[in-house]
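Hi everyone, thanks for coming. Please have a look at the sequence and the structure on the screen, and then I'll walk you through it.

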Amino acid sequence: EVLWVRMNVFWLRECEGHRYFFASLQDMTKLQENKLVEDAGEQDLEELTEKQWKHIEKYYGDFPCGCVLLKVPLDANGNVVDCEFIYANQEVCRITGGNVDRMHFMATKAFYHREEEIFDKLYRAAYLGEKIDISIIYSTYSRRYLKLVFTRYQRGYVCCMVENETRVHMC
């Protein structure tokens, strides 16, 4: 039996001469075996299973950098018009106080007048499987410079890694 895996590697930080990375693995066996060609507009999004929720909490819960899982539904025309925050790890909860509405507000404020660009990037990550790096943005709420990385968790879901780049940006 063959297991096809896609690995994403994220650089986290450099501290005392050591470089820290995070690796994320995604099981691609089903896609490889069936040679699926997905049409984003034809299928409903699958809900996450209990096993997936346990996996998310196990691997991302105590992660030292922020991690948010977003559900990215499409409208009848196949366009992204909003996203739903469905999980935030402890680091993001620490920054936002664990309030999902506050997270949505912070994201809306950070990307004011850039919604179309962000929705396009969310679509490309959630449905085309692209890794999207978003340049450093300044969050007036947390008073930090943040770098965001969007990767596909599964079809229609995006894992957003949030890295605090304040120290790097201030140097």
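Let me start with a question: which residues are linked in a network of salt bridges? They are Asp120, Arg124 and Glu130. By salt bridge I mean a side-chain nitrogen of Lys or Arg within 4 Å of a carboxyl oxygen of Asp or Glu. Side chains of opposite charge can pair when their charged atoms come close.

Before I go on, some housekeeping. This is a predicted model, where local features need pLDDT of at least 70 and side-chain atom pairs count only at pLDDT 80 or more, while totals for chains, interfaces and linings use all residues. Residues are numbered from 1 along each chain as its sequence is written, and side-chain values use heavy atoms, with hydrogens and water left out.

Okay, the overview. The chain has 6 helices and 7 strands. Those words stand for DSSP runs numbered from the N terminus: H or I over at least four residues for helices, E over at least two for strands. Reading from the N terminus, the order is β-β-α-α-β-β-α-α-α-β-β-β-α. Of the 171 residues in the chain, 39% are buried. Buried means under 20% relative accessible area, exposed means over 50%, and partly exposed is in between, using a 1.4 Å probe and protein chains only.

Back to the salt bridges. The structure holds 5 of them. In the one between Arg124 and Asp120, the closest N and O atoms are 3.0 Å apart. These two sit 4 residues apart in helix 5, so about one helical turn separates them. Arg124 is partly exposed, at 25% relative accessible area, and Asp120 is partly exposed too, at 39%.

Helix 5 also holds Glu117 and Lys121, again 4 residues apart, about one turn of the helix. They form a salt bridge with the closest N and O atoms 3.3 Å apart. So is Lys121 buried or exposed? It counts as buried, because its relative accessible area is 15%. Its partner Glu117 has 32%, so Glu117 is partly exposed. Lys121 also touches Ile132, Ile134 and Phe150, leaving out residues up to four places away in sequence. A contact here means heavy atoms within 4.5 Å.

For another setting, look at helix 2. Glu50 and Lys54 both lie there, their side chains meet in a salt bridge of 3.4 Å, N to O, and both residues are exposed.

Now let's go inside. What is the size of the largest nonpolar core, in residues? It has 26 residues, and those with the most contacts inside it are Leu70, Val72, Leu122, Phe150 and Val158. A nonpolar core is a set of buried Ala, Val, Leu, Ile, Met, Phe, Trp, Tyr and Cys residues joined through side-chain atoms within 4.5 Å. The largest share of this core, 6 residues, comes from helix 5. Apart from it lies another core, of 16 residues, including Leu48 and Leu69.

Leu70 takes us to strand 3, residues 66–71, where 6 of the 6 residues are buried. Both faces are covered: Gly66, Val68 and Leu70 are on one side, with Cys67, Leu69 and Lys71 on the other. Strand 3 runs antiparallel to strand 7, joined by 6 bridges, and antiparallel to strand 4, joined by 4 bridges. Two strands pair if DSSP finds at least two bridges between them. Lys71 stands opposite Tyr157 in strand 7 and opposite Glu84 in strand 4.

Just ahead of strand 3, in the loop after helix 2, is Pro64. Pro64 and Glu91 are 27 residues apart in sequence, yet 6.5 Å apart in space, C-alpha to C-alpha. Pro64 is partly exposed, because its relative accessibility is 44%.

Last stop, the outside. Leu3, Val5, Met7, Val9, Trp11, Phe21 and Leu25 make a nonpolar surface patch of about 710 Å². Patches use residues with over 30% relative accessible area and no salt bridge, joining like charges within 9 Å and nonpolar side chains (Val, Leu, Ile, Met, Phe, Trp, Tyr) within 5 Å. Accessible areas come from the Shrake-Rupley method with a 1.4 Å probe, and for residues only the protein chains shown count as cover. Strand 1 gives the largest share of the patch, 4 residues.
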